[in-house]
Amino acid sequence: MDVDRVRSHFAFPDLGRVATNNAATSQPPRELLRLLESLTEDYDNVHRGQSSASRRTSERFESAYDTFAQWLNAPSRRSIATYRNTTEAINAVMYMLLTQFRDGDNVVTTMMEHNSNFVPWYGMCHEILPAFGRRVECRVARFDHATGALDLEHLAELVDERTKLVCVTGASNFLGTKPPLRTIRAIADRSGYVRDDGRTGSLLLVDAAQLVPSSFVDVQQLDVDFLAFSCHKMLAPFGVGVLYAKEQLLAAGRPFLYGGDMVAEGGVSVDRVDYNDLPWKYAAGTPNILGVIASARALRLVVDLVSPEGAPRWFDDDRPLPRSVVAQAMHRVGGHTRSLTELAMQEAMTIDGLRWYGPALGTPRAPLLAFTVDGVDPIRLAEGLNLEGVEARAGCHCATLAHRDLGLNPPATCRLSFALYTSADDVALAMDAVRRVVRDLRPLAPRATGAGGWTSGGRS
Ligand code: PMP
């Protein structure tokens, strides 16, 4: 991968930014900013006008759904719904399934989830369903504090014949752990839960917010029922999350939002409403039209950015993206970001007092590294890095359960995270800055307390 060429498509390198907070949000390439401007020539709503502008915008919007489906190797756009972000997509699944839970059912999730894949299930089990007199339990599987691995035995113990749904991250945004999704699929399949259609097995939802940006994800191969990711972590502007769901689930499910465009043309009377065909049954109200179009183009651009000179280009086109093209591009991205992460880990091992969390060097992980330094407040560390021009994030990264479970006090770590445009120089600069900031802060800061009970993949 020619990283210098990739970087030339972005503004941040010329601004001297060491953009190493990509797990929060990625940087936008210039092509997308130009695309947004050019889309204003046909600026109009979708499915709501006979003008050529509206027709063209509708075509682009619909074709974006095809690109999302092709990116995930979903059978068709009928399996795709768009929302504001991963959080809203997971909430949409919660509302879709809400009325299907039976008294005594349970949901199994994990201690390493982002709050957006725990709090909706907490809210459903502790607030919404009890208000309707229905008891549904929310069970949480442990992870191994030393390796960051999900405790699959514990997960398998929690999943039983009353488990309607298993919700798991595809890659933790704090530990970096990538739970084995095929094994989890098998655990869910064996649960014995009897579905409404008589088949047995629990549904599986994957939070892929940190998986999609650096991996090839094939929803049919993984056989997931639901999978969500945010396009703003994948070069796109803010405001679009993609939900994949098996078509029969979307066909049978209740939409999260009711209103215009999600109904069949003329299909509304006082006593009866007929819904639109998939996927538009899940597109109530005017959607984020430009965002959706730009997000699909962002995915296409990823392929162009990481492919060798002379390879076919996909950005400016609506041609179907073959699975092999997406796979090859994402394997390139995965290989590049993996080597950056390993570089960061090797450097981290040489910094006195630094402990990282999650898998050891050599074990697959998302391209991020969260760490603490004995005696240094992570927030002060990130602020110090900012003064050195290095963008980091300190806090609990919305992975509050895992920080508390590890006994971290304060419940915070400092995190560096990498993207396809991150260079080895960025990583070296960032880790040099960590070394300097730690040297400056360490003698001054009070020692952190309460961090017992955990070990890390790193040296302390
Ligand atoms: N899940 C994971 C693993 C994440 O990293 C994030 C973003 N930090 C989310 C969910 C939520 O994404 P969004 O804020 O775009 O809804």
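This report walks through the ligand site, two helix pairs and a few unusual backbone spots in a predicted model.

**The ligand site**

Let's start with the ligand, which has 13 residues around it. The closest are Thr87, Asp207, Gln210, Ser230 and Lys233. Sorted by class, this shell holds nine polar, two nonpolar and two charged residues. Three side chains with polar atoms facing atoms of the ligand are set out below.

| Residue | Ligand atom | Distance |
|---|---|---|
| Thr87 | oxygen | 2.5 Å |
| Lys233 | nitrogen | 3.0 Å |
| His114 | nitrogen | 3.3 Å |

On its own the ligand would expose 400 Å², and the protein buries 89% of that area.

**Helix α4 with helix α5**

Thr87 brings us to a helix, since α4 covers residues 86-97. Its partner here is α5, residues 119-131, and the two pack at an angle of about 35° with axes 9 Å apart. The crossing of α4 past α5 is right-handed. On the α4 side, the contact uses Ile90, Asn91, Val93, Met94 and Tyr95, while α5 brings Pro120, Trp121, Met124 and Ile128. Which classes of residue make up this contact of α4 with α5? Eight are nonpolar and one is polar, with no charged residues.

**Helix α2 with helix α10**

A second pair joins α2 (residues 30-39) to α10 (residues 289-306). Here the angle is about 145° and the axes lie 10 Å apart. As you follow the chain, α2 passes α10 in a right-handed crossing. From α2 come Glu31, Leu32, Leu35, Leu36 and Leu39; they meet Leu290, Ile293, Ala294, Arg297, Ala298 and Leu301 of α10. This contact has nine nonpolar and two charged residues, and no polar ones.

**Backbone spots worth a look**

Most peptide bonds are trans, and most residues other than glycine have a negative phi. Where does the model depart from the trans form? One place is the bond between Leu278 and Pro279, which is cis with omega about 5°. Pro279 sits in the loop between β9 (273-275) and α10, the helix that packs with α2. Another cis bond runs from Asn409 to Pro410, again with omega near 5°. Pro410 belongs to the loop between α13 (400-405) and β13 (413-417).

Finally, have a look at Asp223, a residue other than glycine whose phi is positive, near 55°. You will find Asp223 in the loop that links α8 (219-222) and β6 (226-230).

How values were computed:
Residues numbered from 1 in each chain as written. Predicted model: local features only at pLDDT ≥ 70, side-chain atom pairs only at ≥ 80, totals over all residues. Heavy atoms only, no water. Axes fitted to C-alpha atoms, helices over the stretch in contact; angles between N-to-C directions. Helix = DSSP H or I, 4+ residues; strand = E, 2+ residues; numbered from the N terminus. Left-handed = near helix turned anticlockwise from the far one by under 90°. Contact = heavy atoms within 4.5 Å. Nonpolar A, V, L, I, M, F, W, Y, C, P; charged D, E, K, R; others polar. Near = heavy atom within 4 Å. Polar contact = N/O pair within 3.5 Å; in protein donor to acceptor, adjacent residues only side chain to side chain. Areas by Shrake-Rupley, 256 points an atom, 1.4 Å probe, with all protein chains shown as cover.
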